[in-house]
Amino acid sequence: SNHPDCSMLGIDRDDAGISFGARLAEQNGLGNVRYQALDLESDGLAGRYDIIACMAVLQFIRDVPGALEKFHDALADGGRLILQLPLAGTPGFLMRFRFARKRLPDFGEARGAFTESEARAMLEESGFEIEQLRRIIKGPAIVAKEVFYLLSAIHPKAAFAFCPLLNWVTVCDERYSGSGQGLFIVAKKSRAPAE
């Protein structure tokens, strides 16, 4: 509602998630937001976009360079790709304990987390120029995320009741020290991908 001149498209391969997002948009009177079920690995992105946001998705994609190529092709000249990636080599707090790790949901990830150098190289090879890269999900945000996962294993409604606190802790993420468990990246479409 703050940007009525913009149109937004949300995609996901999960039909239930798409239906939920569409219902939320309708309930909130967001006529400029639409949703489409699409499998990024087998389907192309139709249209031209100024911004593509891909938050905690690439770890579920088998062909990450192929997905980045699709993003590059779908972005307008000078368009921006916003990514959030899990960062490799960053242990949690509660997940250090075996009892907690055993309760961790199976996310069905296609690959592990990314190193910072790997993320930089993949984006540069795909024709992107990194404008901003910062580490996120630090300190209390790590614990809040882990508690959310543990509550999800017990009962989904309990986990979602915890979301307001999780969101508040996450918003304060920049105040916390540490290397973080994720990367937040803004990259600009700059040239054709390397062959």
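## A walk through the fold

Ala56 sits in the loop between E3 and H2. Its phi is near 55°, a positive value in a residue other than glycine. Keep in mind that this is a predicted model. With a relative accessible area of 29%, Ala56 counts as partly exposed.

A second loop residue makes a handy companion. Ile137 belongs to the loop between E5 and H5, and its phi, near 60°, is again a positive value in a residue other than glycine. Is Ile137 buried or exposed? Ile137 is buried, at a relative accessible area of 16%.

Here are the residues with a listed accessibility, put next to each other.

| Residue | Place | Relative accessible area |
|---|---|---|
| Ala56 | loop between E3 and H2 | 29%, partly exposed |
| Ala76 | strand E4 | 16%, buried |
| Ile137 | loop between E5 and H5 | 16%, buried |

Now zoom out. The protein chain has seven helices and six strands, and reading from the N terminus the elements go β-α-β-β-α-β-α-α-β-α-α-α-β. The chain has 195 residues, and 35% of them count as buried. Its accessible surface is about 11,800 Å², with 53% of that belonging to carbon and sulfur atoms. As for how the contacts are spread, take those between residues at least 6 apart in sequence: 82% of them join residues at least 24 apart.

On to the sheet. Strands of a sheet pair through backbone hydrogen bonds, either parallel or antiparallel. In this model, four strands make an open sheet, ordered E3-E4-E6-E5, with mixed pairing. Which strands are at the edges? They are E3 (49-55) and E5 (128-136), each of which pairs on one side only. From one strand to the next, the twist averages 10°.

E5 and strand E6 (residues 182-189) run antiparallel and are joined by eight bridges. For a concrete pair to look up, try Ile136, whose bridge partner in E6 is Gly182. Helix H2 (residues 64-74) packs on this sheet and touches E3, strand E4 (75-86), E5 and E6. The direction of H2 makes about 145° with that of E4. Helix H4 (residues 116-125) lies across E4, E5 and E6, and runs at about 160° to E5.

Ala76 gives a residue-level view of strand E4, where it lies. Ala76 is buried, with a relative accessible area of 16%. Leaving out residues up to four places away in sequence, Ala76 touches Arg48, Tyr49, Asp50 and Lys189. How far apart in sequence are Ala76 and Lys189? They are 113 residues apart along the chain, yet their C-alpha atoms are 7.9 Å apart in space.

Finally, a helix pair. Two packed helices are described by the angle between their axes and the distance between the axes. For helix H5 (residues 140-154) and helix H7 (residues 163-171), the axes come within 9 Å and cross at roughly 160°. Angles over 145 degrees count as roughly antiparallel, so H5 and H7 are roughly antiparallel to each other. The crossing in which H5 passes H7 is left-handed. On the H5 side, the contact is made by Pro140, Ala141, Ala144, Lys145 and Phe148; on the H7 side, Cys163, Leu166, Val169 and Thr170 take part.

Terms used: Residues are numbered from 1 along each chain as its sequence is written. This is a predicted model: local features need pLDDT of at least 70, side-chain atom pairs count only at pLDDT 80 or more; totals for chains, interfaces and linings use all residues. Side-chain values use heavy atoms; hydrogens and water are left out. Two strands pair if DSSP finds at least two bridges between them. Helices (H or I, at least four residues) and strands (E, at least two) are DSSP runs, numbered from the N terminus. Axes are lines fitted to C-alpha atoms, for helices over the stretch in contact, and angles run from 0 to 180 degrees between N-to-C directions. Contact means heavy atoms within 4.5 Å. Buried means under 20% relative accessible area, exposed over 50%, partly exposed in between (1.4 Å probe, protein chains only). Accessible areas come from the Shrake-Rupley method with a 1.4 Å probe; for residues, only the protein chains shown count as cover. Angles under 35 degrees count as roughly parallel, over 145 as roughly antiparallel, 65 to 115 as roughly perpendicular and the rest as oblique. A crossing is left-handed if the near helix is turned anticlockwise from the far one by less than a right angle, and right-handed if clockwise.
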